[in-house]
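Trainee: Please pick a single part of this model and take me through it closely. Give me the cut-offs behind each term as you go.

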Amino acid sequence: MDFQYLKEYLGWLYYQYLLITGIYVLEPWEQSIFNSVVFSSMTMVIYTSYVFVPVHVRLAHNFFCGKQPESTMALIN
Amino acid sequence: MPPSMTESSANKLINGDVCHRTANGKKSSGRNGFVKNHCLFQQPQQKKYRRPSEKNNHAVRNASLYNKPFVEQFEETPLLVAVLTYVGYGILTIFGYLRDFLRNWGVEKCHVASERDEQKDFVPLYQDFENFYTRNLYMRIRDNWNRPICSVPGAKMDLVERTSKDYNWTFEHTGKVVKDVINMGSYNYLGFAENTGRCADSATGSTHKYGVGVGSTRSEMGNLDIHEELEQLVARFLGVESSMAFGMGFATNSMNIPALAGKGCLILSDELNHASLVLGARLSGATIRVFKHNNMVSLEKLLRDAIVHGQPRTHRPWKKMLILVEGIYSMEGSIVRLPEVIALKKHYKAYLYLDEAHSIGALGPRGGGVVDYFGLDPKDVDIMMGTFTKSFGAAGGYIGGKRELIDYLRSHSHSSIYATAMSPPVSQQIITSMKIIMGEDDTTLGAERLKQLSENTIYFRRKLREMGFIIYGNNDSPVVPMMLYMPAKIGAFGREMLKRNIGTVVVGFPATPIIESRARFCVSAAHTRDMLDTALEAIGEVGDVLQVKYSRHHDFPSSLGPWSSAESLLLEPSHVKSSCHITN
């Protein structure tokens with residue numbers, strides 16, 4: 001059953017994450033605190049990169065390989 | 001200090017000079033104003049284009065002193081693993097501070113000792129920060145240590161099962177017993193930890209004759225004839241003139257070194273010496289200088305500096321120089337480079353104190369320890385110390401050497417004057433097991449066990465290396481440290497091995513450097529090939545689950561077996577020697 005195998009594999013990956021960060025030895029409530037901190041910072045990083053990275057890539061591309069526009073707002077619109 | 005110690009060292013100087021000329025073939029040419037380098041062991045050339053991937057490479061600098069290849073490996077820590085280990089310790093430190101704050105503000109119940117409320121304004125009695133590591137990391141994985149054993153700690157043992165409801169602050173026994181746990185942690189090198197057989201019967205007989213307690217110290221009324229018999233037997237076993245036995249191995253070191261060295265003496269001790277040697281050296285009041293682990297160039301530099309500069313402020317010559325080394329270092333699994341140490345000691349007129357706690361009975365074709373392993377003369381080592389705990393299945397320590405030295409120690413050592421004498425059944429156990437090892441009891445049990453131990457050692461080490469673990473130490477040492485590095489893996493390894501019915505010892509921070517935590521296996525002659533195979537299978541499984549197979553040397557030619565490294569070693573020394581003689 002592929003789902004069974006996948007679940008086991010994900011469980012093993014979570015175990016590796018617990019071992020490498022050292023969370024394995026902590027009590028469950030401490031693990032929840034750490035996981036929520038990590039989860040929220042990861043979410044923020046992903047959201048920020050989703051919103052801002054394409055714009056910055058386009059600006060850099062125009063700076064290096066294209067004509068300079070009159071204003072930056074013209075690009076974003 | 002007995003006069004014969006200086007006499008005998010003067011005699012040895014003649015031999016030492018001869019030894020020096022044959023070891024160092026080429027003599028430096030004398031030119032005016034040119035500083036001659038008379039070092040026995042040259043500093044190795046630094047080759048910048050070849051990045052050494054291992055510390056303490058295979059090649060031995062002075063291979064003419066060794067009669068067999070000396071292969072030691074200490075693989076470097078992979079960089080990613082080191083970084084992740086520091087990250088893990090950082091996160092655990094943050095959580096440690098959090099818990100300490102909660103305990104301080106009273107939100108959480110404090111289990112450690114603290115003063116009463118009325119005494120809060122006094123000078124603090126329990127310094128909280130010193131035990132930060134103990135409170136916040138050791139306590140969380142404490143169930144891996146102090147496991148109660150309820151049978152003989154032989155090749156297999158029974159453990160008392162225990163659980164904890166408050167995360168290892170207190171334990172409760174469930175009443176059940178975990179049976180037949182394979183014991184990979186006991187120092188049972190020759191398998192004498194048993195409750196049946198000749199040793200146990202003779203110990204029972206001596207209990208019936210003498211009782212168990214002695215009721216006095218050796219110098220007052222506690223000197224039994226069984227002690228005299230034991231000391232003569234130990235002297236014969238080691239090949240020295242005379243020996244003395246003490247009740248406790250730790251006390252042998254810490255109480256006898258102060259009797260041998262004092263103010264105005266110099267003690268040169270290895271970096272990784274045991275706590276008993278360090279304590280004895282500090283108690284003696286002598287100046288202590290530390291040389292890098294098993295590094296003969298560092299030791300020679302210290303000896304030369306000591307002779308040239310003398311004592312710190314007055315520049316007078318040192319009264320005596322004592323070199324403290326161990327036979328096998330139990331945390332690294334490395335064996336001391338004894339031929340080179342003896343050559344240095346003879347050349348520079350120092351004394352040698354050899355602590356064979358783990359190597360007596362476990363190394364050498366006749367079980368005579370490192371001296372036997374290298375085929376050297378026991379009279380070259382001034383003070384041979386060892387313990388009976390590891391290979392003889394008893395407790396206690398001994399010191400062997402010249403008759404005048406031992407007679408001096410009998411009257412001047414703290415341990416003989418104040419410590420209780422060794423218990424008779426323990427002494428009888430040592431006598432019987434030593435006779436078995438020497439082959440004097442008309443059976444071949446001793447020779448069989450020695451052979452079994454060395455076969456088990458070679459097999460176990462080879463298999464672990466092939467599986468891809470990082471194993472430290474010499475190929476012939478029965479102590480096998482396996483690196484784990486990360487703090488969470490220490491606890492996880494111990495628990496996973498116990499689930500598979502194997503008892504192991506894991507070691508962490510204060511006993512090892514902070515990132516180099518390890519699991520330490522002790523191979524025993526009582527382990528059969530099946531037990532080792534079961535253990536190896538379980539270790540391989542756990543290694544895959546925990547991802548501790550860090551070794552980056554996958555090119556192990558298993559077709560040639562363990563002798564391929566020996567062959568490549570025999571080709572190297574000539575290359576190394578020629579590069580040494582290029583200097584000057």
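Mentor: What follows is a walk through one sheet, its neighbours and one further helix.

This is a predicted model, in which local features need pLDDT of at least 70 and side-chain atom pairs count only at pLDDT 80 or more, while totals for chains, interfaces and linings use all residues. Residues are numbered from 1 along each chain as its sequence is written, chains are lettered from A and ligands numbered from 1 in the order in which they are written, and side-chain values use heavy atoms, with hydrogens and water left out.

The setting comes from a record: an unreviewed UniProt entry annotates residues 179-539 of chain B as "domain: Aminotransferase class I/classII large". UniProt positions are given in the numbering used here, feature names are shortened, and such annotations may be inferred rather than shown by experiment. Over residues 179-539 of chain B, 43% of the chain is helix and 17% strand, and the end C-alpha atoms lie 19 Å apart. Helices (H or I, at least four residues) and strands (E, at least two) are DSSP runs, numbered from the N terminus.

Now the sheet. Seven strands of chain B form an open sheet with mixed pairing, in the order β5-β13-β12-β11-β8-β6-β7. At the edges stand β5 (242-246) and β7 (287-291) of chain B, each with a single partner strand, so one side of each has no neighbour in the sheet. On average, neighbouring strands of this sheet are turned by 20 degrees against each other, direction ignored. Axes are lines fitted to C-alpha atoms, for helices over the stretch in contact, and angles run from 0 to 180 degrees between N-to-C directions.

Pairing requires at least two DSSP bridges between two strands. Strand β6(B) (residues 266-270) is joined to β7(B) by five bridges, in parallel, with L266(B) opposite T287(B). Two helices pack on this sheet, where contact means heavy atoms within 4.5 Å. Helix α5(B) touches β5, β12 (383-387) and β13 (397-401) of chain B, and its direction makes about 125 degrees with that of β5(B). Helix α7(B) (residues 275-284) touches β6, β7, β8 and β11 of chain B, at about 165 degrees to the direction of β8(B).

Strand β8(B) deserves a closer look. It pairs in the parallel sense with β6(B) over four bridges, and L268(B) stands opposite I323(B) there. Another five bridges join β8(B), again in parallel, to β11(B) (residues 351-355), where Y353(B) faces L324(B). Six of the six residues of β8(B) (321-326) are buried, meaning under 20% relative accessible area, with exposed over 50% and partly exposed in between (1.4 Å probe, protein chains only). In a regular strand the side chains alternate between the two faces of the sheet. In β8(B) both faces are covered, with M321(B), I323(B) and V325(B) buried on one side and L322(B), L324(B) and E326(B) on the other.

The further helix is α13(B), residues 424-438. Its 15 residues reach 21 Å from first C-alpha to last, close to the 21 Å expected at 1.5 Å a residue; the expected span is 1.5 Å times one less than the number of residues. Of the 15 residues of α13(B), 12 are buried, including I430(B), I431(B), M434(B) and I437(B). Their cover includes α4 (198-210), α5 (225-238) and α14 (445-467) of chain B. Just after α13(B), G439(B) takes a positive phi of about 85 degrees.
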